Amino acid sequence: MPKSAPEDRETEGPLDDAEANPVRPYVDLGGIKILPREGLHLRLEIEEGSKRVVAVGLDFAGSTLQVQPFAAPRSSGLWHEIRDQIADQIGKQGGTTTLREGPFGPELVAEIPVAAGQGDGGTTRLARFVGVDGPRWFLRGVIAGEGAVNPEAAAEVEDLFRSIVVVRGSTPMPPRDLIPLRMPSTPAGEPSEA
């Protein structure tokens, strides 16, 4: 499968660790680094049993952006394949997905059914699934909230997604494995105030 990424990914992001400016004050989460910015709150999503960090949640501009970095082959991309699987999964849950061309290339706009009693009587929620294939990694993002419906908020969240640096590391990993994420080394709470 060919790689799917914005033409200007190497300069505008999402960046590979080798492309990032080493002096910028990134918050180091292991597999990804994030540039702190005003109003950004960071959450780590932890898997119950294993206690491992499985995703990073970013609250920003009235939106949530959930990101996950995966190992990928050097020469081919994962997004085309993973996109089809996401569409299948959402279809099985009774949701619908629409493929469209977004700022990062093809993205899925999903209407996902919401269980009764969650939220304000809305029966579906909108989410945008975006993906970028980089050198030996694939970065997946899920945008919900304002960034899925409001163009101004969307631009802010897209800029946030582009500012992420993926740290693939040199450890051999099978494609599609989650690149390990971890707590930042600074005391909890500091990055979000920064």
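Here is a short walk through one helix, one hairpin and the nonpolar cores of this structure.

The model is predicted, so to speak, by computation alone: local features need pLDDT of at least 70, side-chain atom pairs count only at pLDDT 80 or more, and totals for chains, interfaces and linings use all residues. Residues are numbered from 1 along each chain as its sequence is written, and side-chain values use heavy atoms, leaving out hydrogens and water.

Let's start with helix α4, residues 151-162 (helices are DSSP runs of H or I with at least four residues, strands are runs of E with at least two, numbered from the N terminus). From first C-alpha to last, α4 reaches 16 Å, close to the 16 Å expected (1.5 Å times one less than its number of residues). At its N-terminal end sits a cap: a side-chain oxygen of Asn 150 lies 2.8 Å from the backbone nitrogen of Glu 152. Among the buried residues of α4 (under 20% relative accessible area, 1.4 Å probe, protein chains only) are Val 157 and Phe 161.

Phe 161 leads us to the largest nonpolar core, which has 25 residues. Such a core is a set of buried Ala, Val, Leu, Ile, Met, Phe, Trp, Tyr and Cys residues joined through side-chain atoms within 4.5 Å. Phe 161 is one of the residues with the most contacts inside it, as is Ile 164. Strand β5 gives the most to this core, with four residues. Apart from it lies another core, of 16 residues, including Phe 129.

Finally, look at β7 and β8, a hairpin with two residues between its strands. They run antiparallel, joined by seven bridges (pairing takes at least two).

Key:
Buried means under 20% relative accessible area, exposed over 50%, partly exposed in between (1.4 Å probe, protein chains only). A polar contact is a pair of N or O atoms within 3.5 Å; within protein, one must be able to donate a hydrogen and the other to accept it, and residues adjacent in sequence count only if both atoms are side-chain atoms.
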